[in-house]
Amino acid sequence: MSISKKDSLLTFISAATLLGMFATTNQAVHADTIKTPLVAKSQNENKQTVAAGQTAKDDKAATTTNQPENDQPKAEATKNKVETTKTADNNQTAQANNTVAPTTPQTTKTNDSKDSKKTTDKDTKKNQQEVQPTQTTPVEQEPTVFVPQSELPTDGSTTEKATKTDYQLSEEALKALKEAEINVDSLTKDQVAKIKKINFDDTKANTAAKWTYSQYTGVANKMLKQDEHYRIPYFNAKKIKNMPGITTKDAQTGKVADLEIWDSWPVQDAKTGKVVNYKGFQLAVAMMGIPQQDDSHIYLLYNKYGDNNFDNWKTAGPIFGYKGTPQAQEWSGSATVNKDGSIQLFYTDVDTNEGTNNQKISTVNLVLKVDNKKGTVKIAKRRYRHVLFTGDGYYYQTYKQWKDKNKGADNIAMRDAHVISVKGRRYLVFEASTGSQDYQGEGQVYKWQNYGGTEKEAIENFLKITSNADMTSRATWANAAIGIIRLSKNENNPKVDKVMPPLVSSLMVSDEIERANLIPMNGKYYLFATTRLNRGTGDDLWQAADQKIGDNVAMLGWVSDHLTYGYKPLNDDAGVLVASVPFNWRTSTYSYYPVPVKGSNDELLVTSYMTNRGFAAGAGKRSTLAPSFLIKVDGDKTYVENVATNQGVWDYNKKSKNNSMLVSTIKGAHLDGEPIDKSQWNNVSLVSHIERTKKTNKKKSATNTKAKVKKVTNKKSANKSILKLTAPVKITAIRRTPVVGKDGKQVKTYMGSKKYNVIGKNITVNGLGTQKINGKTYYILQNGYYVLAKDFKLAGKLV
């Protein structure tokens, strides 16, 4: 198996590290245009220290006084109370689609969207491309001088140096530049002009917590670092199977087919969030459909309450029968039990007739028929199906607003409603896009409060984003939010009683934060959602994650003492879970949905689906339910526990634990034939070859992924010790050293660029073994590239 030329540089941090912060590669994915970024140089290209992550500033509390959840702080007073009574005949259109902008040539990845017909907001990676490796970990370095380069930017800016008469910068701007140790005299006119436009006003538009760019960066750092506190566990690939109970009649064809399953949720107690014991059964609703078809509809599933056997789940059929069409789809939501025993289902109606995904938060009342003797559950009646909410235009963008402005780069959302009951009133939290009160647009790029972090981090991120056309475009459109509405008291046939400001917004940072989920615990409210970093602004960050991990998915979290405001990010940056394996492996997961654990006040059970849709991991490997696992919650901190269950467990009990579903290293999460060029288990084919051909190794147990080294004396250099490797290790340059070919001569380009043919001092790369060339010992990089072994020291093992 050939190995990508990019992967051996995943830990490479070039001497011009800040160049990576202020400019992306010439293959960056552009949201709506393709241009070359501005370039900056670092004063010191050698001395670099890898930052383990950025510490994000907490959002200021919207208020410090306790307020009833029905009383909004002053920001809401600027808008008249919104009351809606939308029903099924309501023709107001809702948010939709996620049309992806034109991009450069890309590698094809499986569409994980809820609408498999086109590139949408649920598309995992179909329109993502391979890029040259950028730095994989943000770094700190010496003071930076922004010297205008001969390479002219193609984003319409200029590198003409500013003069003192051009400055006239605000005190806030000068303070930020000073903190970043940026010499004002070195700025270009274009940079000065952009800095002048920064809005330093820290007045918040509403009570929403902001997910800032600094926090987004923190989540990316967690992903790149692969900290076990946040990394999604490695699951035993050999034990994963398709879900037996979903070989059933399809909603569109009416014929029995092997379906795939993705977003799912249990029927829960709206007060506690716990899985309901419904007359001896546990119930779940899930999106299902025929693989590689435009087939997205919701089905009812059931199993005996407390049963941990994945094989015992059965399908009660599609929620709305067998007349489904690609033009009228149903997406995610939530469900609870009413006082009369009926099920109140909240879901998303999706109209694709215009070639977009016009999303509408909807509801239906279900009456079930349970036969305990036969062990079956059936849908007896469907009542009061209607649209609840499509946006108000003020707090939440409507479909019309989106359609009037969308130029192909903008996602839209009005979906994934989660029900919670507080003090006898039901609320829905949901994914949305912000409305006119705090809207998307170029102005958001210049809002200082969107950046977060230290002054130094903020100004550096600002200059990085505004020097890159694609990142500027993404920042302009990004306006994802988690919204909240209060429902009327009619449980079976509810309407919207009150529209409230968002709980969280990510203006300028991300255009997709989905599957909102709110859990009451220990007197607090824990808010969770899932995202993909490639729906955000940081091209360099998500591209680095794709290169190093093979995916960029995450689960985010916040906590508040109040239902409707005051949310703070968990773990400083909201990062709770981060991707651990490539998207096209069998054990890849997404759509994380935590639920409370009965009898525990500090644990949550995380559920998800496994294997991306459309046979992303290979023929026959359908999307299925993943093993569930536990996370520990301690105030505003969380971490992943080493506890897993069988696939498809919602109700955690004493018999649920099954750690045979876990493996300790990434090797066990991989199946033969799955690509490994973009993963944490780098160059495994070459490593296996080195181990098999090592004559002195007679035991098969020696062929593992851990680095085993022994010292070999170099006769020509008695004062040197060379490490002979049987598996990859990280090696750090002790001096500048050229990359050479098999003939021992320096190559003209490496990793597709002239700037990479020399490894700078203190730069760490992956060593894959040693080889003699012209009597000298070299470390093997990959694909016929080498570096002189005496110029490196052992940095650490690759796991």
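What follows is a chat about a predicted model of a protein.

Biologist: Hi! To get my bearings, how many helices and strands does the protein have?

Modeller: Hello! The predicted model has ten helices and 39 strands. Of the 799 residues in the protein, 65% are buried.

Biologist: And what share of the contacts joins residues at least 24 apart?

Modeller: That share is 71%, counted among contacts between residues at least 6 apart in sequence.

Biologist: Let's look at a sheet. What is the strand order in the open sheet of five strands?

Modeller: The order is E5-E19-E18-E17-E16, and the pairing is mixed. Strand E5 (209–210) and strand E16 (415–422) are the edge strands, each pairing on one side only.

Biologist: In which sense do E18 and E19 pair?

Modeller: Antiparallel, over six bridges, with E18 covering residues 480–487 and E19 covering residues 496–505. Take Arg486 as an example: its bridge partner in E19 is Lys498.

Biologist: Which side chain does Arg486 meet in a salt bridge?

Modeller: The side chain of Asp497, at 2.4 Å from N to O. Asp497 lies in strand E19 and Arg486 in strand E18, so this salt bridge ties together parts that are eleven residues apart in sequence.

Biologist: Is Arg486 buried or exposed?

Modeller: Buried, because its relative accessibility is 7% and the cut-off for buried is under 20%.

Biologist: Nice. What does Glu491 pair with?

Modeller: The side chain of Glu491 forms a salt bridge with Arg426, at 3.5 Å from N to O. Glu491 sits in the loop between E18 and E19, while Arg426 belongs to strand E17 (residues 425–433), so the pair links distant parts of the chain, 65 residues apart.

Biologist: How do Glu491 and Arg426 compare in relative accessible area?

Modeller: Glu491 is partly exposed, with 22%, whereas Arg426 is buried, with 10%.

Biologist: Switching regions now. What is the salt bridge partner of Lys524?

Modeller: Asp561, with an N to O distance of 2.6 Å. Lys524 is in strand E21 (residues 524–532) and Asp561 is in the loop between strand E22 (553–560) and strand E23 (568–569), so the salt bridge ties together parts 37 residues apart in sequence. Lys524 is partly exposed at 30% relative accessibility, and Asp561 is partly exposed at 47%.

Biologist: Which residues do salt bridges with shared partners join into one network?

Modeller: Arg415, Asp416, Glu431, Glu512, Glu514, Arg532 and Arg535. The structure holds 31 salt bridges.

Biologist: Enough charges! How many residues are in the largest nonpolar core?

Modeller: It has 159 residues, and Ile459 and Trp558 have the most contacts inside it. Strand E9 (residues 281–289) supplies the largest share of this core, seven residues.

Biologist: What about a second core?

Modeller: There is a separate one of 16 residues, and Val729, Ile763, Tyr785 and Val787 are among them.

Biologist: Last topic, helices. At what angle do H8 and H9 cross?

Modeller: At roughly 105°, with the axes of H8 (residues 469–477) and H9 (residues 539–548) coming within 10 Å. The two helices are therefore roughly perpendicular to each other, a term that covers angles of 65 to 115 degrees.

Biologist: And which residues meet there?

Modeller: Asp470, Met471 and Arg474 on the H8 side meet Asp539, Asp540 and Trp542 in H9.

Notes:
Residues are numbered from 1 along each chain as its sequence is written. This is a predicted model: local features need pLDDT of at least 70, side-chain atom pairs count only at pLDDT 80 or more; totals for chains, interfaces and linings use all residues. Side-chain values use heavy atoms; hydrogens and water are left out. Two strands pair if DSSP finds at least two bridges between them. Helices (H or I, at least four residues) and strands (E, at least two) are DSSP runs, numbered from the N terminus. A salt bridge is a side-chain nitrogen of Lys or Arg within 4 Å of a carboxyl oxygen of Asp or Glu. Buried means under 20% relative accessible area, exposed over 50%, partly exposed in between (1.4 Å probe, protein chains only). A nonpolar core is a set of buried Ala, Val, Leu, Ile, Met, Phe, Trp, Tyr and Cys residues joined through side-chain atoms within 4.5 Å. Axes are lines fitted to C-alpha atoms, for helices over the stretch in contact, and angles run from 0 to 180 degrees between N-to-C directions. Angles under 35 degrees count as roughly parallel, over 145 as roughly antiparallel, 65 to 115 as roughly perpendicular and the rest as oblique. Contact means heavy atoms within 4.5 Å.
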